[in-house]
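Biologist: I should like to go through a structural model with you and ask on what grounds its features are named. Could you show it first?

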Amino acid sequence: MRRKLVAGNWKMHGSLSENETLLRGVLAGMADVKAAVAVCVPFPYLHQARHLLAGGPIAWGAQNLSQHAKGAYTGEVSAAMLNDFSCRYVIVGHSERRALYGESDEVVAEKFAAALAAGLTPILCVGETLEERETGVTEQVVARQLDAVIGRSGIAALAASVLAYEPVWAIGTGRTATPQQAQDVHAFIRAKLRALDAEVADGLIIQYGGSVKAGNAAELFGQPDIDGGLIGGASLNADEFLAICRAA
Ligand code: PEP
């Protein structure tokens, strides 16, 4: 039985004072949350997240990392640096990184490998654009993104990771995939992985991400292959995020 995981992706939002209010608010409501919960915060706030969350029920992590271990990579942050802040998770291959920062499938696969090698749990994001959905290539796109990672790290490596199916057209747009649309892709992913390793496929947490809110979370998370969510905008409000966590 897979435990559901709800992870907040704060993106480039927050300040020391806003974060403190938000995290204290979420912590205060965690008593009746059964799902695993995490927040992925901007790099400068990792220290604060650890200070406020250590020893409690909420894990923390980052939204990106370098594929390189160290060296002349101005502005980059390595997996070892994330470990210095006791991160558990790191988001890899978010569609905003792919689209805005040119991260190819190969770079994403390198980042995934770097996270795993450091003992971090990568949350690997995959998903199609609206154009790709409308031209009927959703499954090919998701398969290609997964294959790059499996080709680099092997299927067994997925056992130490989390997947997030995030249709690009649903991220930050208010337009959510229907529970059936999401379930169809999740089932496709699990079946594809099952053909390689049934144990890995059946144990893997596959989150859905894309305009999840308190009002649609329960129906999405009720689908058999949806194991929680990666939550952007709605993770910035303690009550809304807690309602999503409770739905999981
Ligand atoms: C995300 O950033 O991963 C995301 C799913 O964003 P939103 O929930 O705002 O659509």
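Modeller: The following exchange takes up the sheet, the burial of residues, the cysteines, the ligand site and the backbone in turn. Please bear in mind that this is a predicted model.

Biologist: What makes the strands a closed barrel, and how are they ordered?

Modeller: Eight strands form the closed barrel in the order β1-β2-β3-β4-β5-β6-β7-β8, and their pairing is parallel. On average, neighbouring strands of this sheet are turned by 25 degrees against each other, with direction ignored.

Biologist: How do you know that β6 is paired with β7?

Modeller: Strand β6, residues 162-165, is joined to strand β7, residues 206-209, by three bridges. Two strands pair if there are at least two bridges between them, so the criterion is met. The two strands run parallel. Within this pairing, Leu163 has Ile206 of β7 as its bridge partner, and Ala164 stands opposite Gln207.

Biologist: Which strand is joined to β6 by four bridges?

Modeller: That strand is β5, residues 121-126, which runs parallel to β6. Ile123 has Val162 in β6 as its bridge partner.

Biologist: What makes you say that both faces of β6 are covered?

Modeller: Val162 and Ala164 lie on one side, Leu163 and Tyr165 lie on the other, and all of them are buried.

Biologist: How is β3 covered, and which way do its residues point?

Modeller: β3 is mostly covered, with five of its five residues buried. Ile58, Trp60 and Ala62 point one way, while Ala59 and Gly61 point the other way. β3 also pairs with β2 in the parallel sense over four bridges, and Ala38 stands opposite Ala59 there.

Biologist: Which helix lies across β2 and β3?

Modeller: Helix α2, residues 46-53, lies across β2 (36-40) and β3 (58-62). The angle between α2 and β3 is about 170 degrees. Angles run from 0 to 180 degrees between N-to-C directions, so the helix and β3 run in nearly opposite directions.

Biologist: How do you know how many disulfides there are?

Modeller: A search of the whole structure finds zero disulfides. For Cys40, the nearest cysteine sulfur is that of Cys87, 8.2 Å away. A disulfide requires sulfur atoms within 2.5 Å, so Cys40 is in no disulfide. Cys245 is likewise in no disulfide, the nearest cysteine sulfur being that of Cys40 at 12 Å.

Biologist: Why are Cys40 and Cys245 called buried or exposed?

Modeller: Cys40 has a relative accessible area of 0%, and the value for Cys245 is 0% as well. Buried means under 20%, so Cys40 and Cys245 are both buried.

Biologist: Which residues are closest to the ligand?

Modeller: The ligand is surrounded by 14 residues, of which the closest are Lys11, Glu166, Gly172, Ser211 and Gly232.

Biologist: What makes the approach of His94 to the ligand a polar contact?

Modeller: A polar side-chain atom of His94 lies 2.9 Å from an oxygen atom of the ligand. The cut-off for a pair of N or O atoms is 3.5 Å, so this pair qualifies. Backbone N or O atoms also approach ligand oxygen atoms: that of Gly232 at 2.8 Å and that of Gly233 at 2.9 Å.

Biologist: Where is Ser211, and what is it in contact with?

Modeller: Ser211 is placed in the loop between β7 and α10 (214-221). Apart from neighbours within four places in sequence, its contacts are Ala170, Gly172, Thr173, Gly174, Arg175, Thr176 and Asn216. Its relative accessible area is 14%, which is under 20%, and therefore Ser211 is buried.

Biologist: What makes the phi of Ser211 and of Ser86 worth a remark?

Modeller: Most residues other than glycine have a negative phi. Ser211, however, has a positive phi of about 55 degrees, and Ser86 has a positive phi of about 60 degrees.

Biologist: Why is Ser86 called partly exposed?

Modeller: Ser86 has a relative accessibility of 36%. Buried is under 20% and exposed over 50%, so Ser86 falls in between and counts as partly exposed. Ser86 is found in the loop between α3 (79-84) and β4 (89-92).

How values were computed
Residues numbered from 1 in each chain as written. Predicted model: local features only at pLDDT ≥ 70, side-chain atom pairs only at ≥ 80, totals over all residues. Heavy atoms only, no water. Contact = heavy atoms within 4.5 Å. Buried < 20%, exposed > 50% of the residue type's maximum accessible area, 1.4 Å probe, protein only. Near = heavy atom within 4 Å. Polar contact = N/O pair within 3.5 Å; in protein donor to acceptor, adjacent residues only side chain to side chain.
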